[in-house]
Amino acid sequence: KEKEKALSLLTPNLQHYGLNNTNITEFKYPKEGGFFSFFKKNFDAYKINTNHKLKKIDLEKKIIEFLNKKKIKYKKLFSTIPLTEYPSLVKNMPIKIKNEINKLKYTKCITFNFKIKNRKKITDHWCYFYDKNIEASRMTLLSNIKSSSEKYYIGQIEVFRRNDEKFSQKQIKKNVLWTINKFFKLKKKTDIIFFKPNIVEF
């Protein structure tokens, strides 16, 4: 039953594209519902409130407050909030703990969304890059997950940097464009229909 629910996502032999290879060739992903469908049954018993932006956490009184002025009293609090956000959220947090939290490092993800002309048949869904000359860590071909496009490929490339790391977005963009042209064997600049970067902090 699990196999019937799963969609095989294929990763390419990168040597075929003139790039360094990865040993991962295939893994399973849900056909419907995304990755969350693996855990959906665990959450069905809980009421999930959306559109609630957290304002304050009072650990002594065990109360959380939202920007919409709603307050909730809790017995146990399970949180996935990034640790670096706690100093601005937790009431009366000791200075020593705040200072330690502010020393923590985290990752920035620079995503490049693209739409390009189909110059070479590729059936793979995504791949990882293990090459010091390639800035990209991972590429996803979204157009191939649902169905292959005859005219275009629509996808996303991810580049990771630490928050305290200095980098040139212009240089990274240049390298990602080089990777796209080499991987897809594009012939000219007009083969790239859409190309846009976006920085996300984790």
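These legends walk through several close-up views of a predicted model.

**Figure 1. The whole chain, as a starting point.** The predicted protein has 202 residues, and 29% of them count as buried. Its secondary structure consists of 5 helices and 10 strands. Take the contacts between residues at least 6 apart in sequence: 57% of these join residues at least 24 apart. The accessible surface comes to about 14800 Å², with 52% of that area belonging to carbon and sulfur atoms.

**Figure 2. A three-stranded open sheet.** Here you can follow 3 strands in the order S3-S4-S5, with antiparallel pairing. Strand S3 (54–58) and strand S5 (71–73) are the edge strands, each pairing on one side only. From one strand to the next, the twist averages 15 degrees. Look next at S3 and strand S4 (residues 63–66), which are joined in the antiparallel sense by 4 bridges. One residue pair to pick out is Ile57 with Ile64, its bridge partner in S4.

**Figure 3. The largest nonpolar core.** This view gathers the 22 residues of the largest nonpolar core; Phe114, Ile157, Ile180 and Phe184 have the most contacts inside it. Two or more residues come from each of strand S6 (107–117), strand S8 (138–141), strand S9 (152–162), helix H5 (169–184) and strand S10 (192–201). H5 gives the largest share, 5 residues. As background, nonpolar side chains in soluble globular proteins tend to be buried together.

**Figure 4. Ile157 and its neighbours.** Which residues does Ile157 touch, not counting those up to four places away in sequence? They are Ile110, Thr111, Phe112, Phe114, Ala136, Arg138, Met139, Val176 and Ile180. Another core, of 8 residues, lies apart from the largest one, and Ile64, Phe66, Tyr86 and Met93 are among its members. Ile64 is a residue you have already met, as the bridge partner of Ile57.

**Figure 5. A salt bridge between distant parts of the chain.** Asp191 and Arg119 form a salt bridge, with their closest N and O atoms 2.8 Å apart. The two residues are 72 apart in the chain: Asp191 is in the loop between H5 and S10, while Arg119 is in the loop between S6 and strand S7 (126–128). Are these partners buried or partly exposed? Asp191 counts as buried because its relative accessibility is 0%, under the 20% cut-off. Arg119, by contrast, is partly exposed, with a relative accessible area of 35%. In general, side chains of opposite charge can pair when their charged atoms come close.

**Figure 6. Further charged pairs.** The structure holds 10 salt bridges, and this view shows some others. Arg161 and Glu165 meet through their side chains in a salt bridge, at 3.5 Å from N to O. Arg161 counts as buried at 14% relative accessibility, whereas Glu165 counts as partly exposed at 37%. Lys105, Arg162 and Asp164 are joined into one network by salt bridges that share partners. Elsewhere, Asp44 forms a salt bridge with Lys40, and the closest N and O atoms of this pair are 3.2 Å apart. Lys40 has 43% relative accessibility, so this residue counts as partly exposed.

Definitions and conventions
Residues numbered from 1 in each chain as written. Predicted model: local features only at pLDDT ≥ 70, side-chain atom pairs only at ≥ 80, totals over all residues. Heavy atoms only, no water. Pairing = 2+ DSSP bridges. Axes fitted to C-alpha atoms, helices over the stretch in contact; angles between N-to-C directions. Buried < 20%, exposed > 50% of the residue type's maximum accessible area, 1.4 Å probe, protein only. Contact = heavy atoms within 4.5 Å. Areas by Shrake-Rupley, 256 points an atom, 1.4 Å probe, with all protein chains shown as cover. Core = buried A, V, L, I, M, F, W, Y, C linked by side-chain atoms within 4.5 Å. Salt bridge = Lys/Arg side-chain N within 4 Å of Asp/Glu carboxyl O.
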